[in-house]
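Work through the exercises below with the structure open beside you. Try each task before you read its solution.

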Protein chains: 2
Amino acid sequence: MYIEIDFNSDEALYLQLRNQIIIGIATSQFQEGDALPSVRQLADTIGINMHTVNKAYSVLKQEGFVKVDRRKGAVIAIDIDKMQAIEDLKRDMQVLLAKSSCKQISREEVHALIDEIYESYENEG
Amino acid sequence: MYIEIDFNSDEALYLQLRNQIIIGIATSQFQEGDALPSVRQLADTIGINMHTVNKAYSVLKQEGFVKVDRRKGAVIAIDIDKMQAIEDLKRDMQVLLAKSSCKQISREEVHALIDEIYESYENEG
DNA sequence: GCAGTGTGCTACAATTTATATAACAGCCGG
DNA sequence: CCGGCTGTTATATAAATTGTAGCACACTGC
(Lines give C-alpha, C1' and ligand atoms only; values in the text may rest on other atoms or scores of the structure.)
Protein backbone atom coordinates (compact mmCIF):
# COMPACT_ATOMS: atom_id res chain seq x y z
CA MET A 1 0.00 0.00 0.00
CA TYR A 2 1.49 3.28 -1.09
CA ILE A 3 0.23 6.51 0.34
CA GLU A 4 1.93 9.66 -0.77
CA ILE A 5 1.50 12.88 1.09
CA ASP A 6 2.61 16.19 -0.36
CA PHE A 7 3.63 18.41 2.49
CA ASN A 8 3.97 21.38 0.13
CA SER A 9 0.40 21.03 -1.08
CA ASP A 10 -2.19 23.51 0.07
CA GLU A 11 -4.60 20.66 0.61
CA ALA A 12 -5.06 19.58 4.21
CA LEU A 13 -3.10 16.48 5.19
CA TYR A 14 -6.15 14.61 6.42
CA LEU A 15 -7.94 15.32 3.14
CA GLN A 16 -4.99 14.13 1.07
CA LEU A 17 -4.98 10.98 3.16
CA ARG A 18 -8.73 10.55 2.74
CA ASN A 19 -8.45 11.00 -1.02
CA GLN A 20 -5.56 8.57 -1.35
CA ILE A 21 -7.52 5.91 0.51
CA ILE A 22 -10.64 6.46 -1.59
CA ILE A 23 -8.55 6.13 -4.74
CA GLY A 24 -6.96 3.05 -3.19
CA ILE A 25 -10.40 1.51 -2.78
CA ALA A 26 -11.41 2.40 -6.32
CA THR A 27 -8.24 0.80 -7.70
CA SER A 28 -8.82 -2.29 -5.54
CA GLN A 29 -5.62 -1.78 -3.60
CA PHE A 30 -8.00 -1.95 -0.67
CA GLN A 31 -10.87 -4.38 -0.77
CA GLU A 32 -14.01 -4.83 1.27
CA GLY A 33 -13.01 -6.27 4.62
CA ASP A 34 -9.38 -5.20 4.45
CA ALA A 35 -8.02 -3.55 7.55
CA LEU A 36 -6.32 -0.22 7.25
CA PRO A 37 -3.19 0.37 9.33
CA SER A 38 -3.81 1.56 12.85
CA VAL A 39 -3.85 5.29 13.35
CA ARG A 40 -0.59 5.16 15.26
CA GLN A 41 1.15 2.92 12.78
CA LEU A 42 0.12 4.91 9.71
CA ALA A 43 0.96 8.16 11.44
CA ASP A 44 4.44 6.78 12.12
CA THR A 45 4.87 5.54 8.57
CA ILE A 46 3.87 8.83 7.00
CA GLY A 47 5.49 10.95 9.65
CA ILE A 48 2.44 12.87 10.78
CA ASN A 49 0.40 13.02 13.94
CA MET A 50 -1.91 10.27 15.12
CA HIS A 51 -4.86 12.62 15.34
CA THR A 52 -4.50 13.69 11.75
CA VAL A 53 -4.81 10.09 10.62
CA ASN A 54 -7.69 9.64 13.02
CA LYS A 55 -9.47 12.59 11.45
CA ALA A 56 -9.04 11.10 7.98
CA TYR A 57 -10.48 7.80 9.23
CA SER A 58 -13.37 9.62 10.92
CA VAL A 59 -14.25 11.39 7.69
CA LEU A 60 -14.05 8.11 5.78
CA LYS A 61 -16.34 6.53 8.36
CA GLN A 62 -18.84 9.33 8.11
CA GLU A 63 -18.77 9.18 4.31
CA GLY A 64 -19.43 5.46 4.40
CA PHE A 65 -16.12 4.00 3.22
CA VAL A 66 -14.91 2.27 6.36
CA LYS A 67 -16.27 0.87 9.58
CA VAL A 68 -14.41 0.74 12.80
CA ASP A 69 -13.73 -2.54 14.57
CA ARG A 70 -11.99 -2.14 17.86
CA ARG A 71 -10.10 -5.37 17.26
CA LYS A 72 -9.02 -4.73 13.71
CA GLY A 73 -9.05 -0.97 13.58
CA ALA A 74 -10.51 0.70 10.51
CA VAL A 75 -11.91 -1.81 8.04
CA ILE A 76 -12.98 -1.12 4.49
CA ALA A 77 -16.76 -1.37 4.45
CA ILE A 78 -18.60 0.57 1.84
CA ASP A 79 -22.06 1.78 2.69
CA ILE A 80 -23.76 2.39 -0.61
CA ASP A 81 -26.16 5.27 -0.32
CA LYS A 82 -26.41 5.76 -4.03
CA MET A 83 -28.95 8.56 -3.87
CA GLN A 84 -26.66 10.54 -1.61
CA ALA A 85 -23.60 9.71 -3.72
CA ILE A 86 -25.29 10.87 -6.91
CA GLU A 87 -26.43 14.06 -5.26
CA ASP A 88 -22.89 14.77 -4.05
CA LEU A 89 -21.45 13.98 -7.46
CA LYS A 90 -23.95 16.24 -9.17
CA ARG A 91 -23.10 19.18 -6.95
CA ASP A 92 -19.34 18.76 -7.33
CA MET A 93 -19.56 18.08 -11.05
CA GLN A 94 -21.57 21.26 -11.61
CA VAL A 95 -18.70 23.57 -10.74
CA LEU A 96 -16.07 21.35 -12.30
CA LEU A 97 -17.86 21.27 -15.65
CA ALA A 98 -18.69 24.94 -15.55
CA LYS A 99 -14.96 25.62 -15.30
CA SER A 100 -14.25 23.18 -18.10
CA SER A 101 -16.95 24.63 -20.32
CA CYS A 102 -15.53 28.12 -19.87
CA LYS A 103 -12.09 26.84 -20.79
CA GLN A 104 -13.38 25.40 -24.05
CA ILE A 105 -13.08 21.78 -22.97
CA SER A 106 -15.64 19.94 -25.06
CA ARG A 107 -18.16 17.47 -23.80
CA GLU A 108 -16.40 14.76 -25.79
CA GLU A 109 -13.09 15.52 -24.13
CA VAL A 110 -14.73 15.16 -20.74
CA HIS A 111 -16.29 11.86 -21.75
CA ALA A 112 -12.89 10.62 -22.89
CA LEU A 113 -11.35 11.66 -19.59
CA ILE A 114 -14.08 9.84 -17.67
CA ASP A 115 -13.42 6.68 -19.67
CA GLU A 116 -9.69 6.97 -19.17
CA ILE A 117 -10.02 7.28 -15.40
CA TYR A 118 -12.67 4.59 -15.08
CA GLU A 119 -10.57 2.16 -17.09
CA SER A 120 -7.61 2.78 -14.85
CA TYR A 121 -9.78 1.60 -11.98
CA GLU A 122 -10.98 -1.53 -13.70
CA ASN A 123 -7.54 -2.57 -14.88
CA GLU A 124 -5.85 -2.34 -11.52
CA GLY A 125 -8.60 -4.42 -9.90
CA MET B 1 -28.00 38.34 -12.19
CA TYR B 2 -28.81 36.03 -9.33
CA ILE B 3 -26.18 35.02 -6.85
CA GLU B 4 -27.28 32.90 -3.96
CA ILE B 5 -25.11 32.48 -0.93
CA ASP B 6 -25.84 29.82 1.66
CA PHE B 7 -24.70 31.12 5.00
CA ASN B 8 -25.30 27.72 6.57
CA SER B 9 -23.00 25.97 4.12
CA ASP B 10 -19.62 24.80 5.29
CA GLU B 11 -18.14 26.13 2.07
CA ALA B 12 -16.30 29.42 2.37
CA LEU B 13 -18.31 32.44 1.24
CA TYR B 14 -15.70 33.61 -1.25
CA LEU B 15 -15.61 30.12 -2.80
CA GLN B 16 -19.40 29.97 -3.09
CA LEU B 17 -19.26 33.34 -4.77
CA ARG B 18 -16.48 32.21 -7.09
CA ASN B 19 -18.41 29.08 -8.03
CA GLN B 20 -21.63 30.96 -8.67
CA ILE B 21 -19.84 33.34 -11.00
CA ILE B 22 -18.12 30.52 -12.89
CA ILE B 23 -21.47 28.79 -13.32
CA GLY B 24 -22.88 32.15 -14.39
CA ILE B 25 -20.27 32.35 -17.12
CA ALA B 26 -20.89 28.78 -18.24
CA THR B 27 -24.63 29.46 -18.50
CA SER B 28 -23.95 32.69 -20.40
CA GLN B 29 -25.52 34.84 -17.73
CA PHE B 30 -22.19 36.59 -17.90
CA GLN B 31 -20.51 37.04 -21.24
CA GLU B 32 -17.05 38.05 -22.37
CA GLY B 33 -16.66 41.75 -21.73
CA ASP B 34 -19.46 42.03 -19.21
CA ALA B 35 -18.63 43.96 -16.08
CA LEU B 36 -19.27 42.36 -12.72
CA PRO B 37 -20.69 44.54 -9.96
CA SER B 38 -18.13 46.49 -7.99
CA VAL B 39 -16.82 44.80 -4.88
CA ARG B 40 -18.63 47.29 -2.67
CA GLN B 41 -21.90 47.06 -4.55
CA LEU B 42 -21.99 43.27 -4.64
CA ALA B 43 -20.96 43.07 -1.01
CA ASP B 44 -23.87 45.34 -0.17
CA THR B 45 -26.30 43.36 -2.28
CA ILE B 46 -25.33 40.02 -0.77
CA GLY B 47 -24.81 41.38 2.70
CA ILE B 48 -21.19 40.37 3.16
CA ASN B 49 -17.93 42.18 3.51
CA MET B 50 -16.21 43.97 0.66
CA HIS B 51 -13.01 41.99 1.17
CA THR B 52 -14.80 38.69 0.81
CA VAL B 53 -16.04 39.74 -2.60
CA ASN B 54 -12.60 41.10 -3.41
CA LYS B 55 -11.07 37.74 -2.56
CA ALA B 56 -13.50 35.95 -4.85
CA TYR B 57 -12.63 38.35 -7.66
CA SER B 58 -8.92 37.90 -6.99
CA VAL B 59 -9.26 34.12 -7.24
CA LEU B 60 -11.25 34.48 -10.46
CA LYS B 61 -8.55 36.76 -11.83
CA GLN B 62 -5.80 34.31 -10.94
CA GLU B 63 -7.74 31.44 -12.47
CA GLY B 64 -8.20 33.35 -15.69
CA PHE B 65 -11.92 34.14 -15.68
CA VAL B 66 -11.88 37.91 -15.26
CA LYS B 67 -9.57 40.81 -15.81
CA VAL B 68 -9.59 43.93 -13.79
CA ASP B 69 -10.17 47.33 -15.32
CA ARG B 70 -9.86 50.13 -12.86
CA ARG B 71 -12.58 52.05 -14.64
CA LYS B 72 -15.06 49.24 -15.07
CA GLY B 73 -14.14 46.98 -12.23
CA ALA B 74 -13.95 43.25 -12.80
CA VAL B 75 -14.69 42.30 -16.38
CA ILE B 76 -15.33 38.82 -17.71
CA ALA B 77 -12.28 37.89 -19.76
CA ILE B 78 -11.48 34.23 -20.10
CA ASP B 79 -7.88 33.30 -20.52
CA ILE B 80 -7.90 29.88 -22.09
CA ASP B 81 -4.96 27.87 -20.87
CA LYS B 82 -6.42 24.59 -21.98
CA MET B 83 -3.45 22.48 -20.94
CA GLN B 84 -3.71 23.85 -17.43
CA ALA B 85 -7.48 23.48 -17.38
CA ILE B 86 -7.31 19.85 -18.44
CA GLU B 87 -4.67 19.11 -15.86
CA ASP B 88 -6.81 20.67 -13.16
CA LEU B 89 -9.88 18.81 -14.34
CA LYS B 90 -8.00 15.54 -14.38
CA ARG B 91 -6.80 15.93 -10.82
CA ASP B 92 -10.21 16.93 -9.48
CA MET B 93 -12.01 14.27 -11.47
CA GLN B 94 -9.74 11.55 -10.13
CA VAL B 95 -11.04 11.78 -6.58
CA LEU B 96 -14.60 12.49 -7.66
CA LEU B 97 -14.77 9.39 -9.84
CA ALA B 98 -13.00 7.24 -7.28
CA LYS B 99 -15.77 8.12 -4.85
CA SER B 100 -18.41 7.43 -7.48
CA SER B 101 -16.85 4.12 -8.46
CA CYS B 102 -16.84 2.97 -4.84
CA LYS B 103 -20.49 3.92 -4.55
CA GLN B 104 -21.40 1.75 -7.54
CA ILE B 105 -22.14 4.64 -9.84
CA SER B 106 -21.55 3.28 -13.31
CA ARG B 107 -19.55 4.90 -16.03
CA GLU B 108 -22.72 5.28 -18.06
CA GLU B 109 -24.45 7.10 -15.24
CA VAL B 110 -21.54 9.53 -15.05
CA HIS B 111 -21.69 10.08 -18.79
CA ALA B 112 -25.39 10.79 -18.56
CA LEU B 113 -24.78 13.27 -15.79
CA ILE B 114 -22.11 15.03 -17.83
CA ASP B 115 -24.50 15.35 -20.75
CA GLU B 116 -27.26 16.62 -18.53
CA ILE B 117 -25.09 19.34 -17.05
CA TYR B 118 -23.48 20.31 -20.35
CA GLU B 119 -26.87 20.62 -21.98
CA SER B 120 -28.07 22.90 -19.23
CA TYR B 121 -25.20 25.20 -20.14
CA GLU B 122 -25.93 25.19 -23.86
CA ASN B 123 -29.65 25.79 -23.45
CA GLU B 124 -29.34 28.79 -21.19
CA GLY B 125 -26.85 30.42 -23.55
C1' DG C 1 -0.53 -8.55 32.69
C1' DC C 2 0.96 -6.54 28.49
C1' DA C 3 0.83 -4.59 24.12
C1' DG C 4 -1.99 -2.96 20.80
C1' DT C 5 -6.44 -1.02 19.35
C1' DG C 6 -9.83 3.28 18.88
C1' DT C 7 -11.48 7.09 21.49
C1' DG C 8 -11.74 11.05 24.40
C1' DC C 9 -9.93 15.19 26.36
C1' DT C 10 -7.09 19.40 26.83
C1' DA C 11 -3.83 22.53 25.01
C1' DC C 12 -1.20 25.15 21.72
C1' DA C 13 0.53 27.43 17.36
C1' DA C 14 -0.23 28.50 12.65
C1' DT C 15 -3.28 29.37 9.08
C1' DT C 16 -7.59 30.50 6.99
C1' DT C 17 -11.92 32.89 6.90
C1' DA C 18 -14.70 36.91 7.51
C1' DT C 19 -15.44 41.26 9.26
C1' DA C 20 -14.37 46.20 10.14
C1' DT C 21 -12.05 50.74 9.24
C1' DA C 22 -9.33 53.52 6.87
C1' DA C 23 -6.67 55.30 3.33
C1' DC C 24 -4.67 55.70 -1.43
C1' DA C 25 -4.37 56.30 -6.64
C1' DG C 26 -6.76 56.29 -10.89
C1' DC C 27 -10.63 57.57 -13.71
C1' DC C 28 -14.84 60.05 -15.18
C1' DG C 29 -18.62 63.48 -15.55
C1' DG C 30 -20.12 67.81 -14.39
C1' DC D 1 -11.01 71.15 -10.18
C1' DC D 2 -14.13 68.40 -7.43
C1' DG D 3 -16.99 64.69 -6.00
C1' DG D 4 -17.88 60.17 -6.61
C1' DC D 5 -16.88 55.97 -8.34
C1' DT D 6 -13.38 52.25 -9.18
C1' DG D 7 -9.70 48.55 -7.37
C1' DT D 8 -6.13 48.18 -4.06
C1' DT D 9 -3.65 48.10 0.21
C1' DA D 10 -2.95 48.14 5.10
C1' DT D 11 -4.14 47.13 9.82
C1' DA D 12 -6.86 45.00 13.31
C1' DT D 13 -9.87 41.66 15.24
C1' DA D 14 -12.66 37.42 16.00
C1' DA D 15 -13.76 32.86 14.81
C1' DA D 16 -12.88 28.53 12.75
C1' DT D 17 -9.77 25.14 10.79
C1' DT D 18 -5.54 22.53 10.74
C1' DG D 19 -1.90 20.01 12.73
C1' DT D 20 0.74 18.77 16.56
C1' DA D 21 1.31 17.10 21.35
C1' DG D 22 0.53 14.61 25.51
C1' DC D 23 -2.34 12.00 28.47
C1' DA D 24 -5.85 8.86 29.83
C1' DC D 25 -9.48 5.36 29.28
C1' DA D 26 -11.80 0.96 27.86
C1' DC D 27 -11.46 -2.91 25.13
C1' DT D 28 -9.18 -6.92 22.81
C1' DG D 29 -5.84 -10.71 21.84
C1' DC D 30 -2.05 -13.26 23.32
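Three exercises on this predicted model follow.

**Exercise 1.** Find which residues come nearest to DNA strand C, and which part of the strand the protein meets.

Solution.
- Step 1: Collect the residues around DNA strand C; there are 22.
- Step 2: Pick out the nearest. They are A:His51, B:Leu13, B:His51, B:Thr52 and B:Arg71.
- Step 3: Turn to the strand. Of its atoms that come within 4 Å of the protein, 65% belong to sugar and phosphate.
- Step 4: Look for phosphate oxygens. One lies 3.3 Å from a backbone N or O atom of A:Val39. For a backbone N or O atom of B:Asn49, the distance is 3.1 Å. B:Lys55 uses its side chain: an N or O atom there is 3.1 Å from a phosphate oxygen.

**Exercise 2.** Describe the protein surface near DNA strand C by helix and by residue class.

Solution.
- Step 1: List the helices that give at least two residues each. Chain A supplies helix 2 (39-46) and helix 3 (50-62). Chain B supplies helix 1 (13-26) and helix 3 (50-62).
- Step 2: Find the largest share. Helix 3 of chain B gives it, with four residues.
- Step 3: Sort by class. Seven residues are nonpolar, eight are polar and seven are charged.

**Exercise 3.** Work out how chain B is related to chain A.

Solution.
- Step 1: Turn chain B by 180°, with a shift of 0.0 Å along the axis. It then lies on chain A with an RMSD of 0.1 Å.
- Step 2: Name the relation: a two-fold axis.
- Step 3: Compare the contact residues. Of those in chain B, 100% recur in chain A, so the same surface serves both copies.
- Step 4: Locate the axis. B:His111 is the residue of chain B closest to the rotation axis, its C-alpha at 3.2 Å.

Methods
Residues are numbered from 1 along each chain as its sequence is written. Chains are lettered from A and ligands numbered from 1 in the order in which they are written. This is a predicted model: local features need pLDDT of at least 70, side-chain atom pairs count only at pLDDT 80 or more; totals for chains, interfaces and linings use all residues. Side-chain values use heavy atoms; hydrogens and water are left out. A residue is near a molecule or strand if one of its heavy atoms lies within 4 Å of it. A polar contact is a pair of N or O atoms within 3.5 Å; within protein, one must be able to donate a hydrogen and the other to accept it, and residues adjacent in sequence count only if both atoms are side-chain atoms. Ala, Val, Leu, Ile, Met, Phe, Trp, Tyr, Cys and Pro count as nonpolar, Asp, Glu, Lys and Arg as charged, and the others, Gly among them, as polar. Copies are superposed by least squares on the C-alpha atoms of residues with pLDDT of at least 70 in both. Contact means heavy atoms within 4.5 Å.
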